[in-house]
Amino acid sequence: MPPILRYTPLLLVALVVLVPMLVTVLGGFKSLGELRVNPFGLPSDWEWKNYWDILSGGRYWQLMGNSLIIASLTVVLTLIVSSMAAYVFVQVRFFGSDFLLNYILLGLMFPAATAILPLFIKIRDLGMLDTYWGVVLPQVAFGLATSILLFRNYFKQLPGELFEAALIDGCGYFRFFWHITLPLSKPILATVAVIVFVASWNAYLLPLVVFNRDTLYTWPLGIMAYQGEYSTDWNLVLSFIALTILPAVIIFFSAQKHIVAGLTSGSVKG
């Protein structure tokens, strides 16, 4: 197959993803009048003040701080719980392990939105409304199925001889997990971390239900309030959107190499 035909679908997908992001970033540098007459072209006059006003305001950093705290806690807890659970399913044989794994994977069929009412009631009864944990713990719970599946598939690619040699040398399950499995699992750790981080970073419904105080708002909630305040100033709204998606984009590209290795499981296979 000619290279042009091989890479054309990838180029089309890249354009579908990158063009809206580029239009958003450039739209934030335009005046409102220019945005209306020239929404897709380069700005004739670069309005740096649009971005500077947002960056110099405390509201933006408050929203970013809330989102970063929630996303970071979600990532750390998900990595710890899902990696240890997947390790047990791969290395430990016990009665009912297949049933338990299939039960956990049923979570892939039920998005959080389907359980938002009982979830709200449970969070309220536990006294976690208007707290970070009211968002973090449900996000961890609903992210476990995908994370365990990814970790399990990766751990199964690790050479079994490593575990046998470690047992002969007196290495227990926990030491093998901590000193051998995790150091060899950096690609899948990065993959799961990015997936969980982006999902938490973009979450809207759960924070909307849990948070009543605007001081705890994450950026998706904050941007709705910002859009309501500046409903006619779309250039300012685009500036705000561009700045809020920037952290997730940076994290994704910084871990891109590990993500590819984690999804293909090719770095340790064989």
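**Exercise 1. Order of elements**

Find the order in which the elements of the chain run from the N terminus on.

*Solution.* Start at the N terminus of this predicted model. The elements then run α-α-α-α-α-α-α-α-α-α-α-α-α-α. Counted by type, the secondary structure comes to 14 helices and 0 strands.

**Exercise 2. Extent and burial**

State what the C-alpha trace spans along its principal axes, and what percentage of the residues count as buried.

*Solution.* Take the span first: along the principal axes, the C-alpha trace covers about 70 × 60 × 30 Å. Next, take burial: the chain has 270 residues, and 37% of them count as buried.

**Exercise 3. The largest pocket**

Describe the largest pocket by its volume, and then by the residues and elements that line it.

*Solution.* Step one is the volume, which is about 450 Å³. Step two is the lining: 22 residues contribute, and A112, Q139, F142, G143 and A199 are the closest to the centre of the pocket. Step three assigns the lining to elements: two or more residues each come from α7 (133-155), α10 (186-201) and α11 (205-210). The largest share belongs to α7, with 6 residues. Step four sorts the lining by residue type, giving 15 nonpolar residues, 7 polar ones and no charged ones.

**Exercise 4. A nonpolar surface patch**

Identify the residues that make the nonpolar surface patch, then locate F110 and decide whether F110 is buried, partly exposed or exposed.

*Solution.* The patch has an area of about 920 Å². Its residues are V88, F94, F99, L100, Y103, L106, L108, M109 and F110. Helix α5 (residues 97-105) supplies the largest share of the patch, 3 residues. Now turn to F110, which is placed in the loop between α5 and α6 (116-125). The relative accessible area of F110 is 48%, so F110 is partly exposed. The reasoning rests on the cut-offs: exposed begins over 50% and buried lies under 20%.

**Exercise 5. The backbone at D130**

Work out what the phi of D130 is, where D130 lies, and whether D130 is buried or exposed.

*Solution.* Begin with the general rule: most residues other than glycine have a negative phi. D130 is not a glycine, yet its phi is positive, at about 60°. As for position, D130 sits in the loop between α6 and α7. Last comes accessibility: D130 has a relative accessible area of 18%, so D130 is buried. The cut-off used in this step is under 20%.

Key
Residues are numbered from 1 along each chain as its sequence is written. This is a predicted model: local features need pLDDT of at least 70, side-chain atom pairs count only at pLDDT 80 or more; totals for chains, interfaces and linings use all residues. Side-chain values use heavy atoms; hydrogens and water are left out. On a 1 Å grid over the protein atoms alone, a cavity is a set of points where a 1.4 Å probe fits but cannot get out, and a pocket is an open set with protein on both sides within 12 Å along at least five of seven lines; lining residues have an atom within 4 Å of a point. Grid points are joined across faces, edges and corners, and a volume is the space filled by probe spheres set on the points. Helices (H or I, at least four residues) and strands (E, at least two) are DSSP runs, numbered from the N terminus. Ala, Val, Leu, Ile, Met, Phe, Trp, Tyr, Cys and Pro count as nonpolar, Asp, Glu, Lys and Arg as charged, and the others, Gly among them, as polar. Patches are made of residues with over 30% relative accessible area and no salt bridge: like charges are joined within 9 Å, nonpolar side chains (Val, Leu, Ile, Met, Phe, Trp, Tyr) within 5 Å. Accessible areas come from the Shrake-Rupley method with a 1.4 Å probe; for residues, only the protein chains shown count as cover. A salt bridge is a side-chain nitrogen of Lys or Arg within 4 Å of a carboxyl oxygen of Asp or Glu. Buried means under 20% relative accessible area, exposed over 50%, partly exposed in between (1.4 Å probe, protein chains only).
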